[in-house]
Amino acid sequence: MSAIPSNYKALFAPYMVRPPVDVLACARAVGLPIFSVELPDGVSGMLKRVHADQFECYVDKSEPAVRQRFTAAHELGHYVLHRQSIGDTHADNYLLRADGMTNSQEAQANRFAADLLMPMGLISDAMDDNIREVSDLAKLFEVSTLAMSIRLGLPT
């Protein structure tokens, strides 16, 4: 069962046809601009309310590109799943834990990010094409080897 609600899954489908999934296009599809900027130490990503129901997302540009992608997908998950719970700002630290969010909400945002960036169908397709090493899959999907290992249910 995907953590991405079906109405959003349909909206994101054009960007999930082949790896790597275009997380920026997915965010644009729901009206969430994502910016790569310098953030304070320990902050990987942030959602900021700019109007009543309009937000902007920021990811720390000093982090590796694969980390920025996962953080952007994680913040998109909060936007899709928890927007009503977000005050004026919402910041996630490197461990993807945030003030004002429950552990359950953080887990949901992580699952959303994994489902978005590493759809199991695309992983299966890659494996059918003989791409089976975790590092090769991670490179193809532009995620960290740790994220891919977790997605595959491997010990980390």
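Where is N130 found? N130 lies in the loop between helices α5 and α6, where helices are DSSP runs of H or I with at least four residues, strands are DSSP runs of E with at least two, and both are numbered from the N terminus.

## Basis of the report

This is a predicted model, in which local features need pLDDT of at least 70 and side-chain atom pairs count only at pLDDT 80 or more, while totals for chains, interfaces and linings use all residues. Residues are numbered from 1 along each chain as its sequence is written, and side-chain values use heavy atoms, with hydrogens and water left out.

## The packing of α5 and α6

Two packed helices are described by the angle between their axes and the distance between the axes. Helix α5 covers residues 120–128 and helix α6 covers residues 134–141; they pack at an angle of about 125 degrees, with axes 11 Å apart. This angle makes α5 oblique to α6. Here axes are lines fitted to C-alpha atoms, for helices over the stretch in contact, and angles run from 0 to 180 degrees between N-to-C directions. Angles under 35 degrees count as roughly parallel, over 145 as roughly antiparallel, 65 to 115 as roughly perpendicular, and the rest as oblique.

The crossing of α5 and α6 is right-handed; a crossing has this name if the near helix is turned clockwise from the far one by less than a right angle, and is left-handed if anticlockwise. From α5, the residues L122, I123, A126 and M127 make the contact, and from α6, L137, L140 and F141. Contact means heavy atoms within 4.5 Å. By class, this contact of α5 with α6 has 7 nonpolar, no polar and no charged residues. In this scheme Ala, Val, Leu, Ile, Met, Phe, Trp, Tyr, Cys and Pro count as nonpolar, Asp, Glu, Lys and Arg as charged, and the others, Gly among them, as polar.

## The buried faces of α5 and α6

Which residues of α5 are buried? They are L122, I123 and A126, where buried means under 20% relative accessible area, exposed over 50%, and partly exposed in between, with a 1.4 Å probe and protein chains only. Seen down the axis of α5, these buried residues fall within an arc of 105 degrees, so they line one face of the helix. The arc is that of the directions from the helix axis to the C-beta atoms. The buried residues of α5 pack against α6 and α7.

In α6, the buried residues are V134, L137, A138 and F141. Viewed down the axis of α6, they fall within an arc of 100 degrees, and therefore they line one face of the helix. Their cover includes α3 (65–82), α4 (103–117), α5 and α7 (145–151). One residue of α7 is S149. S149 is buried, with a relative accessible area of 12%. Leaving aside residues up to four places away in sequence, S149 touches V134, L154 and T156.

## The packing of α3 and α4

Helices α3 and α4 pack at an angle of about 120 degrees, and their axes are 8 Å apart. The two helices are therefore oblique to each other. Their crossing is right-handed. Among the contact residues are R69, F70 and A73 of α3, and Q105, E106 and N110 of α4. By class, the contact of α3 with α4 has 11 nonpolar, 7 polar and 2 charged residues.

N110 lies in α4 and counts as partly exposed, at 26% relative accessibility. N110 and T145 are 35 residues apart along the chain, and their C-alpha atoms are separated by 15 Å.

## Backbone features in the loops

Most residues other than glycine have a negative phi, and most peptide bonds are trans. N130, just after α5, takes a positive phi of about 75 degrees, although N130 is not a glycine. At 58% relative accessibility, N130 counts as exposed.

E142, just after α6, takes a positive phi of about 55 degrees. E142 is found in the loop between α6 and α7 and is partly exposed, with a relative accessible area of 37%. A cis peptide bond joins P19 and P20, with omega about -5 degrees. P20 is placed in the loop between α1 (6–12) and α2 (23–29).
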